[in-house]
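Thanks, everyone, for making the time this morning. I would like to walk you through one model, beginning with a single contact and working outwards from there, so please have the view open in front of you.

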Protein chains: 2
Amino acid sequence: MIDVTISEVGPRDGLQNIDCVLPTADKLRWIEALAAAGLPEIEVGSCVSPKLLPQMADTVEVARSARTLDVQIAVLVPNLKGVERILPERPDKISLPLSVSETHSRRNVNRSHEEMFAEIAAIAGRLKELPKAERPHFEVGLSTAFGCTIEGPVSEALVVDLAVRAVRTGADEVGLSDTTGCGNPSQVRRLIRAVRSEVGSEKLTGIHLHNTRGQGLANALAALEEGLTTLDASLGGLGGCPFAPGASGNIVTEDLVFMLEAMGLNTGVDFDALMRAREALIGVLPREIPIFGFTPDAGLPLGMRVGAR
Amino acid sequence: MIDVTISEVGPRDGLQNIDCVLPTADKLRWIEALAAAGLPEIEVGSCVSPKLLPQMADTVEVARSARTLDVQIAVLVPNLKGVERILPERPDKISLPLSVSETHSRRNVNRSHEEMFAEIAAIAGRLKELPKAERPHFEVGLSTAFGCTIEGPVSEALVVDLAVRAVRTGADEVGLSDTTGCGNPSQVRRLIRAVRSEVGSEKLTGIHLHNTRGQGLANALAALEEGLTTLDASLGGLGGCPFAPGASGNIVTEDLVFMLEAMGLNTGVDFDALMRAREALIGVLPREIPIFGFTPDAGLPLGMRVGAR
């Protein structure tokens, strides 16, 4: 029984931040290693325009192959069109990014809040046409919820409003995303409480954090202590821009697994197999892409074991 | 008014972990920049045998010069002999490392627990001879309190016993040290509660954390939420061994300042001046020594200011 679900987002969030296009076979080798390590959920790609993100052009094919593995498949979708593309592959979860910063929303998906709610409504309607057993879980991720690199501070009241509206418009759940790595633990606690008090605890169970300012695990701890049970992370902290020295991507799966397991929480992950997945990742990534994480180099403390229970 | 005291330990803990011997003038330039950034306390060195740690041979001289700065001066001492050496410089604080792992204690200071308690008694006796205004604060740091690289897991009951005995033997205060970076947030909370319930909250106010497995800020957050008010850290996370890839030293002052200030806590630190101190450090350190920290590269989030209040 897993206590905390680590949703591995490297194949989506990690790759979209780097320039190279990874061959499909390489992606699949890496995803297979992630699944073999016991990670319960993998975001395998995003159904965006291949012109905008050629790295994601093979997402449907990747999802199809990953479907055969013993792992939940998540896919990012910016709109109904993306949903239609991925539905035949029967993803377990689809995530739509709704930027709290409208400026960011326009730059990211070229849509205003109003236009995004129209997409949410259309997607929710489309999913209702499916038999229940075939419906993916529909999450709306509130991007830039902790601050925006264009607008600066983001109104917490607006985060709550958008969350409420997303749920009313048909999302199964909302998630909080610290897209820009601006967040701090107090803000994480405050925002989770504010959103949950309006949409209900069962409609906010996950958070997506970046380690841009080194706060990843501290923010994850705060989220965990507030009762969230799904934490996004990426192997090797993938997602840093190779042209921004020191910039980091998502929180590092390896260090997160150590933290949770050391705290006595079951992640379902086998640490040795996770190290093999890290090797697989290093094997397929171009050398100039930085890989993060301290626990892989330090190893587990003497006497500690992290194996699937 | 400062809410959290960051005790900068780079000039002691950072330098003792690297091979090069920094010229005294370089150390002082770095320490001056740290003080100018508003850090309230600096551990400037340790009074150990110069044969064992040539990096620390000039500690008395460094302390004498640093005394003229507007900053509290802390010095590590392994025994009464070290105390005698530093007393004429009127340090504000002296810290004696008492390893919970007796194996580590023998290797680190070549003394058993019994021998260390004899030192503690002798030091406490010596300090009582001084007029109160001239007495440095005497802290006993419980090293390897979260695990030992030689013995493995460490008994929490033993940590509490040693803490109680250190206070009874005359220490003004005990501190918890995660010397090996084994600790996790649950353990931090548990151990703080256990020790404080036996020695009283005022006798445990500080913690010394390493970022060996990336848990530094998460552990610092847990300590803070348990009510501790002094956190050791080092600029650039100095302390990693240049021959152990990825091994990190203490928690990174820059990222810690960002976390605390973003949480609305005053550290007294001016961020721009802290960046100048980082430049000063980089300027005096050999190139092969790794420098850590994410916030310096990412910068503060748009719209945030961290200046002395």
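Let me start with one pair of side chains, those of Arg189(B) and Glu225(A), which meet in a salt bridge with a nitrogen-to-oxygen distance of 2.8 Å. I should say straight away that this is a predicted model, and I would ask you to hear every value in that light.

How many salt bridges are there between chain A and chain B? The count is two, and alongside that the rule finds ten residue pairs in polar contact across the interface, with both residues of each pair at pLDDT 80 or more. If we ask which elements give two or more residues to the side of chain A that touches chain B, they are helix 8, residues 185-199, helix 9, residues 216-225, helix 10, residues 253-262, and helix 12, residues 295-298, of chain A. Helix 9 of chain A gives the most to that side, with five residues. By residue type, the side of chain A that touches chain B divides into 20 nonpolar, 13 polar and six charged residues.

Stepping back to the interface as a whole, 39 residues of chain A are in contact with 39 residues of chain B, and the two chains bury about 2,900 Å² between them, with 63% of that area on carbon and sulfur atoms. In chain A, the residues that lose the most area to chain B are Arg213(A), Phe294(A) and Leu302(A), which together make up 24% of what that side buries.

Now to the fold of chain A, where a closed barrel of eight strands runs in the order 1-2-3-4-5-6-7-8, with parallel pairing, and where the twist averages 25° from one strand to the next. Strand 7, residues 206-209, and strand 8, residues 230-233, of chain A pair in the parallel sense over two bridges, and within that pairing Ile207(A) has Leu231(A) as its bridge partner. Helix 8 of chain A, which we met at the interface, lies across strand 6, residues 173-178, and strand 7 of chain A, running at about 160° to strand 6.

Turning finally to chain B, strand 1, residues 5-8, pairs in the parallel sense with strand 8, residues 230-233, over four bridges, and Thr5(B) stands opposite Thr230(B) there. Strand 1 of chain B also pairs in the parallel sense with strand 2, residues 41-46, over two bridges, where Glu8(B) has Ile42(B) as its bridge partner.

Notes. Residues numbered from 1 in each chain as written. Chains lettered and ligands numbered in written order. Predicted model: local features only at pLDDT ≥ 70, side-chain atom pairs only at ≥ 80, totals over all residues. Heavy atoms only, no water. Contact = heavy atoms within 4.5 Å. Buried area = accessible area lost by both parts, 1.4 Å probe. Salt bridge = Lys/Arg side-chain N within 4 Å of Asp/Glu carboxyl O. Polar contact = N/O pair within 3.5 Å; in protein donor to acceptor, adjacent residues only side chain to side chain. Nonpolar A, V, L, I, M, F, W, Y, C, P; charged D, E, K, R; others polar. Pairing = 2+ DSSP bridges. Axes fitted to C-alpha atoms, helices over the stretch in contact; angles between N-to-C directions.
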